[in-house]
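Got the viewer open? Let's work through this one together, one question at a time.

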Amino acid sequence: MKRGTIIGGRRSGRFVLAVLLAALGLQCAGPDRDATLRIAMIPKLVGIGYFEATERGAREAARELNVELVYDGPTDARTEDQIKMIDGWMAQGFDVIAVAPNDPEAISRTLRSAGERGALVLTWDTDANPELSRRSVFVNQAPNRAIGHTLVDLMAEGVRAQGASLPGDYLIVSGTPTASNQNTWMKYMRERIREKYPEMHLLQHLTPGEDQQKCQEQTAEALSAYPNLKGIWGITSVSFPAVAKAVRDANKVGQIEVTGLGMPEQMREFVKDGTVRKFCLWDPVDLGYLTIRVAHRLKQGTLPPGRYDFGRLKGVEVREGEVLLGPPLNFDADNIDNYNF
Amino acid sequence: MSRPRQESTAAAPAPPGERSNRRLFGLLPWGLLALALMLVFSQVRRPELLVEVWVPWIEVGILAFVMTAIILTGGIDLSVGSMVALTGMVQAILWQDWGWPIEAAAGGALLAGALAGGLNGLLVVAGLSPLVATLATMALYRGLAITVAGGDRIVGFPQSFLDLGRLLGVPSQFWLAGLVFLGMVLLVHHTRFGRWCYAVGDNRQAARFAAVPVNKVDGVLYTINGLVAASVAILGAMRHDASIPDAHIGTELQVIACVVVGGTLITGGRGSVPRSLLGLAVISHLDVGLQFLSSRLSWLTAESRLIVIGILLILVAVWNQKSQKES
């Protein structure tokens with residue numbers, strides 16, 4: 001027994017030594033890439049389709065520009081993990097920190113410190129507090145106005161394609177009542193209806209929260225409560241599929257037009273079976289691509305407002321502290337199979 | 001690392017090979033630490049910023065020093081992460097909604113921490129298993145933290161408060177860690193109370209018969225844990241200018257991992273506070289080192305890093321178990 005343990009112990013000691021040597025070899029083997037720009041890109045979380053799509057675009061741009069890219073985010077959408085990662089990448093000497101903040105306020109002090117320590121800080125997908133964080137620029141996926149207007153245009157187009165007339169009731173199903181993105185889009189949707197389609201009558205919008213089940217129930221109730229209902233928007237990635245499902249379950253396909261904001265992967269079945277004719281979203285691959293391109297350009301010099309070409313993205317609009325990806329992308333039965341996010 | 005007397009009396013008569021086993025016992029954590037330190041320092045390009053990288057781990061360490069004492073008694077406190085979140089929210093709400101000055105609000109947070117920890121202690125004294133009791137309060141305190149402010153984080157603390165986030169150029173967490181470490185080393189290894197902790201962990205029933213005030217030990221330790229959790233919350237608010245209701249989810253597991261990797265027996269009765277410092281150093285540098293390394297190895301994503309750390313922890317746990325059985 002005694003002898004056995006001692007031999008076992010020696011073996012384990014050798015094992016530790018071997019691991020140490022292996023690690024030493026590993027890190028010596030790493031290429032030294034001091035010369036290139038080093039960009040750390042931090043999504044809200046990893047492991048979901050949307051942020052895998054942005055990563056694909058970011059990697060594409062990084063290859064084209066020959067910059068070093070680390071795309072690394074928390075496994076849960078939590079601010080403290082993002083902060084931990086940003087501090088880590090700063091100590092690793094990264095030149096650019098590009099983050100999609102889970103919380104625009106709580107991350108701001110960390111971003112400001114990163115900027116003060118010499119990194120170029122920019123936000124994408126979601127902005128941080130611009131004053132507190134002092135980030136240089138926000139790469140915005142799509143102007144809110146364009147999203148609001150496109151959503152209304154798609155609805156009008158769809159109702160007419162059904163052979164119906166526009167006058168009637170219309171309903172928006174949102175997420176939580178305080179979600180600032182959704183509230184801004186609704187503001188522009190109302191603006192578009194007022195200006196272009198005054199015959200569309202908007203009902204009080206629903207805010208069932210980010211809960212698929214509740215969205216579906218409340219949509220089903222609305223379907224029976226409003227006989228004059230012509231169309232429903234689902235304007236979050238949770239509410240949109242729920243609305244489509246409720247309409248399909250109520251056998252109202254062809255009578256109620258459904259559109260909104262969602263990802264092709266989750267909406268594919270509804271487009272294929274005709275519940276949804278057309279919907280929109282920005283292209284997340286392009287968003288990742290643009291973010292890296294903008295970071296690279298900002299490292300070369302300044303970026304005064306105007307229109308610029310960023311690699312394969314032409315004529316991108318740059319405003320004060322904001323870069324706009326461009327108008328949203330429309331999806332329908334013809335093109336939906338080209339997208340996997 | 002001083003070994004308290006209780007341990008030698010509790011252990012079986014030392015077999016001849018024990019000395020070499022003991023030495024081997026310490027080898028794996030130290031080897032891992034060397035490996036992790038090498039990883040970190042070979043990859044770091046701005047070493048002066050490591051201080052910032054360490055801060056979240058120092059918070060874990062502060063909690064681990066107190067947790068060591070609790071685990072020594074055979075207890076555990078799973079609610080520690082929830083207590084940090086709850087006390088942080090208490091402070092923010094007393095300041096923002098109740099209009100208390102920020103110092104008074106910090107005092108309120110400490111009081112809330114003592115109450116939350118005290119409740120844990122009461123439940124344990126009442127005979128509930130610490131695992132069950134603190135599993136329940138983990139949910140309870142988290143729920144409270146989220147409901148008190150309607151799930152919103154609170155930001156915008158006064159500048160004078162935020163300035164306390166650094167003392168003498170060092171994040172205040174380091175000073176608190178030093179204090180708590182010294183305090184716990186003194187309490188656990190140099191007082192009668194500390195010897196009670198070992199006695200309770202070794203054999204609760206026997207300790208009771210030997211007139212050790214078991215209830216007092218439990219009550220005091222869980223209350224200290226609540227107080228220290230509140231201190232971590234206050235310093236966290238200074239650093240980030242935010243109190244976040246869903247902060248520190250899963251922190252309890254990191255804390256317990258530090259204690260166990262250090263070599264403190266999860267069933268109690270054996271271990272020490274300095275050992276938890278070793279455990280903290282191993283785990284934190286592995287985590288940081290793997291993040292650093294991931295810029296070179298693309299397969300080392302956030303998810304696969306969890307796998308690597310998990311495997312290493314299993315390795316250490318198996319090693320500890322083996323060497324404890326042998327000695």
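What follows is a chat between a student and a tutor about this predicted model.

Student: Let's start with chain A. Which domains does the assignment give for chain A?

Tutor: According to the domain assignment, one of the domains is built from two separate stretches of sequence, written with a plus sign. The centres of the two domains, taken over C-alpha atoms, are 31 Å apart. The bounds are 38-141 + 284-326 for domain 1 and 144-281 for domain 2.

Student: How many helices and strands does chain A have, and what share of the residues in chain A is buried?

Tutor: Chain A has eleven helices and 14 strands. For contacts in chain A between residues at least 6 apart in sequence, 72% link residues at least 24 apart. Out of 341 residues in chain A, the buried share is 47%.

Student: Is A:S174 buried or exposed?

Tutor: First, place it: A:S174 is in the loop of chain A between β6 (168-173) and α7 (180-196). A:Y188 is 14 residues away from A:S174 in sequence, and their C-alpha atoms are 14 Å apart. The cut-off for burial is 20 or more C-beta neighbours within 10 Å. A:S174 has 25 inside 10 Å, so it counts as buried.

Student: On to the helices. Are α3(A) and α3(B) roughly parallel or antiparallel to each other?

Tutor: Helix α3 of chain A covers residues 79-91, and its axis comes within 8 Å of that of α3(B), crossing at roughly 150°. Angles over 145 degrees count as roughly antiparallel. So α3(A) and α3(B) are roughly antiparallel.

Student: Which residues make that contact between α3(A) and α3(B)?

Tutor: The crossing is left-handed. By type, the contact residues of α3(A) and α3(B) are four nonpolar, one polar and three charged. On the α3(A) side you'll find A:K84, A:D87, A:G88 and A:A91, and on the α3(B) side B:L50, B:E52, B:V53 and B:P56.

Student: Now within chain B: why do α3(B) and α8(B) count as roughly parallel?

Tutor: Helix α3 of chain B spans residues 50-72 and helix α8 of chain B spans residues 172-190, with axes that come within 9 Å. Angles under 35 degrees count as roughly parallel. The axes of α3(B) and α8(B) cross at roughly 15°, and therefore the two helices are roughly parallel.

Student: What's the make-up of the contact of α3(B) with α8(B)?

Tutor: This crossing is left-handed. The α3(B) side includes B:I58, B:I62, B:F65 and B:L72, while the α8(B) side includes B:F174, B:V180, B:F181 and B:L187. Sorted by type, the contact has 15 nonpolar residues, three polar and one charged.

Student: And where α3(B) meets α12(B), is the crossing left-handed or right-handed?

Tutor: Helix α12 of chain B runs over residues 251-262, and its axis comes within 8 Å of that of α3(B) at a crossing angle of roughly 65°. Among the residues that meet there are B:L63, B:A64 and B:M67 from α3(B), and B:V255, B:I256 and B:V259 from α12(B). This contact divides into nine nonpolar, four polar and no charged residues. As for the sense of the α3(B) and α12(B) crossing, it is right-handed.

Student: Let me zoom in on B:L72. Which residues is B:L72 in contact with, leaving aside its neighbours within four places in sequence?

Tutor: B:L72 sits in helix α3 of chain B and is buried, with 30 other C-beta atoms within 10 Å. One partner, B:T264, is 192 residues away from B:L72 in sequence, with a C-alpha to C-alpha distance of 7.3 Å. The contacts are B:V188, B:C197, B:Y198, B:G201, B:T264, B:G268, B:G269 and B:G271.

Student: Last one, on backbone angles. B:L168 has a positive phi without being a glycine, so is B:L168 buried or exposed?

Tutor: Its phi is about 55°, and B:L168 is in the loop of chain B between β2 (166-167) and β3 (170-171). A residue counts as exposed with 12 or fewer C-beta neighbours. B:L168 has 7 inside 10 Å, so it is exposed.

Student: What about B:D241: buried or exposed?

Tutor: B:D241 is another non-glycine residue with a positive phi, near 55°. Its place is the loop between α11 (214-240) and β4 (242-243) of chain B. With 22 C-beta neighbours inside 10 Å, B:D241 counts as buried.

Technical notes: Residues are numbered from 1 along each chain as its sequence is written. Chains are lettered from A and ligands numbered from 1 in the order in which they are written. This is a predicted model: local features need pLDDT of at least 70, side-chain atom pairs count only at pLDDT 80 or more; totals for chains, interfaces and linings use all residues. Axes are lines fitted to C-alpha atoms, for helices over the stretch in contact, and angles run from 0 to 180 degrees between N-to-C directions. Helices (H or I, at least four residues) and strands (E, at least two) are DSSP runs, numbered from the N terminus. Angles under 35 degrees count as roughly parallel, over 145 as roughly antiparallel, 65 to 115 as roughly perpendicular and the rest as oblique. A crossing is left-handed if the near helix is turned anticlockwise from the far one by less than a right angle, and right-handed if clockwise. Two residues are in contact if their C-beta atoms, placed from the backbone, lie within 7 Å. Ala, Val, Leu, Ile, Met, Phe, Trp, Tyr, Cys and Pro count as nonpolar, Asp, Glu, Lys and Arg as charged, and the others, Gly among them, as polar. Domain bounds come from an automatic or database domain assignment.
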